[in-house]
Structure formats: structure tokens, C-alpha cells
Amino acid sequence: MRGLTVAGREWMAAAAVPARAGTVAVLALAALSLGGGVPVAAAAGVARTPVAAAAGLPRAPVITFAKGAPGRPLPSGFVGLSLEYSAVPAYAGSATAVNPAVVQLIRNLAPGQTPVLRIGGDSTDQTWWPVAGVKPPGVIKYALTPAWMQTTGAFAHALGARLILGVNLAMNRPDLARAEAEAMLAGIGRSSIAEFEIGNEPDVYKLFPEYRNPRGVIEHVRGRGYDFGDYIEQFRAVRRVLPHVPIAGPALGGKAWASNLGPFIASEPRLALITLHLYPLTCTSAAGTPFYPTIANLLSAAASTGLAAGALAPEAVARAHRLAVRVDEINSVTCGGRTGVSNTFASALWALDTAFALDQAGVSGINFHMFPGARYALFSVAGAPGSWSAVVNPEYYGLLMFAEAAPPGSRLVPVSSAPSGHVRVWATVARGKTVRVVLINESSSTRTLVLRAPAGARGPASAELLQAPNLNATTGVSLGGQSFAPSTTTGVIGGTPVSTPVAPVAGKYSVVLPGASAAMLTWTGGSAGGAAPAAGAAR
């Protein structure tokens, strides 16, 4: 939850180009209430219905795509959630009445796949399984119970999910860590557990977690001299006594120990997954710095492609040892997010862009962290068994568009030229030779964009729009004309899908993209790079 900050390079920083007449298609949606969805306001100055403009092409730089081989196939279960231990009952419901809205909302982000759900965060090192006759260590704030185990097991079964479960390292009690893991194995079931993740962000143990000792004095779980060598010894002591389940780690929250990843892997033969945590902005950064929580900083290239660059070196080291890297905790701002940033439509565009950037970096998956009351929560829940409901927040819509644009097995198509300004361009080719191009306009200005389709994409494209009234909006978000009701009981998006046909002119496609929006152009069939391998295939 505390997370890693990575400075990135500036990218596409020129001023926005105003829209021009004579384009092939204008992407905008009317202010409609569709099938119980939320009314969506059209962008200012843009036609309120899908419009086919006069033939001809504007004068604008042309977006082009490389003709070489596309990237690696996207692994199945790429997008998942990360929940604190205490948050599971709040979202899941109970063992006898699992919340169907939450189950569907998670499935939407991994349609037709096995979702990967990570349970941990700060609570990893503040949770234990009570042992008779043993006083809880001072760092403990949450006790697991048989009811928690039953609820989590039922939740995992309802989702068909695989779990990454945090095991307490901070208390430095291998015997208690073993009791915790054995209780989870018995109470949840081996079939639902992918890995045990030992500890959470041990690279900051000298600072966090902290607790008050019996004298009321604040103490940290490790002293000032604690280093990577100490960590490896304590990690190994816990790993040796755990049930024989694959192990994940080191769950790093910063860069200080990243150079030790190779020796760590070499010393731990049971490691099955390398885990990292990434946050572009921090709650402790000073105003005026690149990491201070503002919409402008969140939508900078440093917060998406720059953030993903922080996973490149760990991914290369892990791949050399035939292991995968998963960013099993990520979101916009540390400490639960920042109101006015994390809960706005800007976070949807950031999440969409960053998911593509991390796919490009080669990680095996990403887990968006959340807990009740967090400003960056993808959704909130209310109600009781039989009357559950959920409120879907803007960031969720960005990940929903990513799930559509990048199904399992799809491959990224390299972009060879892209426009200046706050526009991001991504493209994929999927099995069945479906080609998709995503255009993200992170500015408030309308942009006219012209592109040549990736190889194999021919004929008219179908375009759908992700939009909101503005970057600061916390409501009024829609995807392809659809939106979730103000309070959904099903987790199913409502309304009639709306798309705009975009026909080529002289082999080029032109769209007018409203400010604060993203568009996805889709070509079905064709021969773009051949069919992608099966989901989850080796790199």
C-alpha cells in the first residue's frame, strides 16, 4: 500500500491540436439514460450523436504501426484485485450468501478467465491465526477466524479464482506463520490457493509497520540495522516451515532492494512468483513535486509508461530464472488514494494506459488494491444478504475497456509513430485476427487523429467511446454508451451498446476524439500477424 515511485521520461508533451472539419467520424454520445445506466453528458463543443462527417482527411500527423512481429501473448487473469484481509467479508458477504454483484464485477475484468485475487497489503503483517496459549505479538491488529476462512473459501469458489495469500513475516515468528498458513490451507482449500506471499514490503520494515509496546512507546518491527541479508534469513525461516505450496515474494514496495532480486531468487528454490508493488504518486510527497497527488501528475507519462519502466529490470531478472513477475498491488496514490484525484475520471484514463504499459513491460498480471473507504476503490458495496448493491467508480471503467481491448492471448502491436500532446496509442491483435486500436486523450481539448490501421485490418472499423463530463468527474462515466446504474445489484453494465462506424479514406482512418476520453477502434477478421497463441502461453 505504501508503494514504489519511479520517475519516467516525458512523452508527448506538445499542445493539443484543435479539431478540424472534414473528418470521417466524430465520436460523441448523447446525454441519455440507457437501460438503468447513468446519464452521460456529451463533451462540450462536440455533436451529441454519432456523426459521419464529409469525406476527406484533415491535415494531422498520421499514427502508424510497425509491421514486425507483435509482442508476447497476454497471460490469462492479467487484471485482478488486491484486498486487505479485513476487507474480504465486506466485499464477499458471507459463506452462505456471497455478494453476487462483487463476483460479477471481478469477473468483468477477467471475462472467461480464472481471476487472480491477492489478499494482503499492510494487513499481511498485522494479521494472525490465534494460537491457544499464545499472546498476539504487538504488531497484530486483525485475527482470522473460522468464519473468515469459510467466507473466503466460498468467495474464491464463486469466482473460480486463484488466491495469492499474504503470510505474516513482520512478527518474526515462523511457528505462528505456519499456524496461519495451515489454517488457510484447511479452511479455504488447496485448490483455491496459488501462492503464499511471505511478508509485505519488507524493504520498509524499519519504518512500517509500527505499533505501541506495553509502555505506550511506538516501535518498528525491525531496527535501523535491518538489511537484505537479515530479510533473506527470516524469509527462509518462515518458508521452511510452511505447507508445501508455491511461494511468492518479495512484495517489494521500493527500489532500494531491487538489485538484490537475483540473489534472492537463487537462494529460494520454492519461489514460484516474483511480486512487486507500484504506485505513481505518494501521499507523503510535497506539493510541486512529480509524485504529489494531482490529476496532472497522474496523467503524466511518468505515472504510466514511467511507472511500468520500474518493472523492466525485475522482469528481466525473473525471466532469466524462468519466473514471472506480478505487480500484485497497484493503484494511483499510496495511503488509500487522494480525493479529487483517485476517485475521478482521470484515474480511469490512467488505469487504461498503465495496464497497457505493464503488459508491454512483460509482467504476468496486475492487482488493483482496494479496501472499504479507500479513495481509489474500484467500487463500494452496501447492503446485506439478499439485498447487496455496489457503486462503481470511474477507475473501474478504464480497466473494463482494457479487458475488452486486450483479451487473453492478444498481443501488443508496436506503434511506430504517434501524435504529440497528451494522447496515448495502443494496439492489439487477438486470436481470430481481431485488431483493436485504443486512443487515449488525457487532455481537456478535442483532438483530431488520423491513423493507418495495423497490418491485416481492412475495411470499416467500429469505434466505441469511454467518456465522462470532464477529467474531474466522479459520476457520469460511460463505455460504449453503457454505464452501471447508480447502485448496481447485479454487477452487469446497463444500456444498449453504442458504436460509431469509421470508414477509411485513401487507406486512412480519422476520428475527432473529445477531451477527457478514450476510443477503441475494432476490426474483426483480417490477417494481422496471424492468430495469437493460447492464453498464458510462454513468452
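Colleague: Let me start with a small one: what is the relative accessible area of Cys 335?

Modeller: Keep in mind that this is a predicted model, in which local features need pLDDT of at least 70 and side-chain atom pairs count only at pLDDT 80 or more, while totals for chains, interfaces and linings use all residues. Residues are numbered from 1 along each chain as its sequence is written, and side-chain values use heavy atoms, without hydrogens and water. Buried means under 20% relative accessible area, exposed over 50% and partly exposed in between, with a 1.4 Å probe and protein chains only. Cys 335 falls in the partly exposed class, because its relative accessible area is 37%.

Colleague: Which phi does Cys 335 have?

Modeller: Helices (H or I, at least four residues) and strands (E, at least two) are DSSP runs, numbered from the N terminus. Cys 335 sits outside such runs, in the loop between S14 and helix H10 (345-361). Although not a glycine, Cys 335 has a positive phi of about 65°.

Colleague: Where is Lys 433, and what is its relative accessible area?

Modeller: Lys 433 belongs to the loop between strand S20 (423-429) and strand S21 (435-441). Its phi is positive, near 65°, in a residue other than glycine. Lys 433 is partly exposed, with a relative accessible area of 32%.

Colleague: Now the barrel: which strands form it?

Modeller: Strands of a sheet pair through backbone hydrogen bonds, either parallel or antiparallel. Two strands count as paired if DSSP finds at least two bridges between them. Here eight strands close into a barrel with parallel pairing, and the order is S4-S5-S8-S9-S12-S13-S14-S15.

Colleague: By how much are neighbouring strands of this sheet turned against each other on average?

Modeller: The axes are lines fitted to C-alpha atoms, and angles run from 0 to 180 degrees between N-to-C directions. With direction ignored, the average turn between neighbouring strands of this sheet is 25°.

Colleague: Which residue in S8 is the bridge partner of Leu 117?

Modeller: Strand S5 (residues 116-119) runs parallel to strand S8 (residues 162-167), and four bridges pair them. The partner of Leu 117 in S8 is Leu 163.

Colleague: How many residues of strand S14 are buried, and which residue in S15 stands opposite Val 327?

Modeller: The rest of the structure largely encloses S14 (residues 324-330), because six of its seven residues are buried. Strand S13 (residues 271-278) runs parallel to S14 with six bridges, and there Leu 273 has Ala 324 as its partner. S14 is also parallel to strand S15 (residues 365-370), through three bridges. The buried count in S14 is six of seven, and opposite Val 327 in S15 stands Ile 366.

Colleague: Which residue in S26 stands opposite Arg 447 of S22?

Modeller: Five of the five residues of strand S22 (residues 447-451) are buried, so this strand is largely enclosed by the rest of the structure. Arg 447, Leu 449 and Leu 451 point one way, Thr 448 and Val 450 the other. S22 pairs in the parallel sense with strand S3 (residues 62-65) over two bridges, and in the antiparallel sense with strand S26 (residues 509-513) over five. In S26, the residue opposite Arg 447 is Leu 513.

Colleague: What is omega for the cis peptide bond that joins Gly 249 and Pro 250?

Modeller: Pro 250 has its place in strand S12 (residues 247-252). For comparison of location, Pro 209, which has a cis bond from Phe 208, lies in the loop between strand S9 (193-198) and strand S10 (210-212). Between Gly 249 and Pro 250, omega is about 5°.

Colleague: How many residues of H11 are buried?

Modeller: Helix H11 (residues 394-405) reaches 18 Å from its first C-alpha to its last, close to the expected 16 Å, where the expected span is 1.5 Å times one less than the number of residues. Among its buried residues are Glu 395, Tyr 396 and Phe 402. H11 is largely enclosed by the rest of the structure, because the buried residues number eleven of twelve.

Colleague: Last one: how much space lies in the largest cavity?

Modeller: A cavity is a set of points on a 1 Å grid over the protein atoms alone where a 1.4 Å probe fits but cannot get out, and lining residues have an atom within 4 Å of a point. Grid points are joined across faces, edges and corners, and a volume is the space filled by probe spheres set on them. Two cavities of 30 Å³ or more are present, and residues including Leu 74, Gln 113, Phe 402 and Ala 403 line the largest. The space in that largest cavity is about 60 Å³.

Note on methods:
1 Å grid on protein atoms, 1.4 Å probe; cavity = no way out; pocket = protein on both sides within 12 Å on 5 of 7 lines; lining within 4 Å.
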